[in-house]
Amino acid sequence: MQELLVDIEDNDELYRSYMPYLKNGGLFVKTNSRFDMGTPVSMRVMLPDALEEEEVTGKVVWITPQGAQNSNPPGIGVSFDAEFELINDKIVKMLGTALNLDKPTYTM
């Protein structure tokens, strides 16, 4: 299983990376590495203002290739496995009402 290091510096970056429309939540991860849909992934995620990394597993459900026409960075969207609902809950609490904003994200 491929391991990714994800360091999210602030809530704006978290908003742009978070994928709330996935059943268990997920994150978009900027990467130039090539992945296939459904590939299992392990991530060490450092959320803004966190003291420790969160370890999460999931699978690739979104791919933005290099040179995408929408000018978003290349990367993958990883859907969290069901047992990682606590990190999803943390992200939802951190973003709060920002989840209702209509600002563009890396995936939508």
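**Group meeting: a predicted fold and its PilZ annotation**

Good morning. According to UniProt, in an unreviewed entry, residues 6-82 carry the feature "domain: PilZ". Please keep in mind that the structure shown above is a predicted model.

Let me stay with that span for a moment. Residues 6-82 are 40% strand and 9% helix. The C-alpha atoms at the two ends of this stretch are 19 Å apart.

I turn now to the whole protein. How many helices and strands does the protein have? There are two helices and five strands. In sequence order, these elements give the pattern β-α-β-β-β-β-α. The radius of gyration is 13 Å, close to the 13 Å given by the globule rule for 108 residues, so the protein is as compact as a globular protein of that length. Measuring tapes aside, the C-alpha trace spans about 30 × 30 × 25 Å along its principal axes.

Next, the interior and the contacts. Of the 108 residues in the protein, 40% are buried, that is, under 20% relative accessible area. Consider also the contacts between residues at least 6 apart in sequence: 65% of these join residues at least 24 apart.

Finally, the surface and the charges. The protein exposes about 6,600 Å², and carbon and sulfur atoms supply 48% of that area. Which charged side chains does the protein have, positive and negative? There are 9 positive and 17 negative side chains. The centres of these two sets lie 5 Å apart.

To close, I return to the annotation: the PilZ domain at residues 6-82 comes from an unreviewed UniProt entry, and the coordinates come from a predicted model. Thank you for your attention.

Conventions. Residues are numbered from 1 along each chain as its sequence is written. This is a predicted model: local features need pLDDT of at least 70, side-chain atom pairs count only at pLDDT 80 or more; totals for chains, interfaces and linings use all residues. Side-chain values use heavy atoms; hydrogens and water are left out. Helices (H or I, at least four residues) and strands (E, at least two) are DSSP runs, numbered from the N terminus. The radius of gyration is taken over C-alpha atoms; the globule rule is 2.2 Å times the number of residues to the power 0.38. Buried means under 20% relative accessible area, exposed over 50%, partly exposed in between (1.4 Å probe, protein chains only). Contact means heavy atoms within 4.5 Å. Accessible areas come from the Shrake-Rupley method with a 1.4 Å probe; for residues, only the protein chains shown count as cover. Lys and Arg count as positive and Asp and Glu as negative; His and the chain ends are not counted. The place of a charge is taken as NZ of Lys, CZ of Arg, CG of Asp or CD of Glu. UniProt positions are given in the numbering used here, feature names are shortened, and annotations may be inferred rather than shown by experiment.
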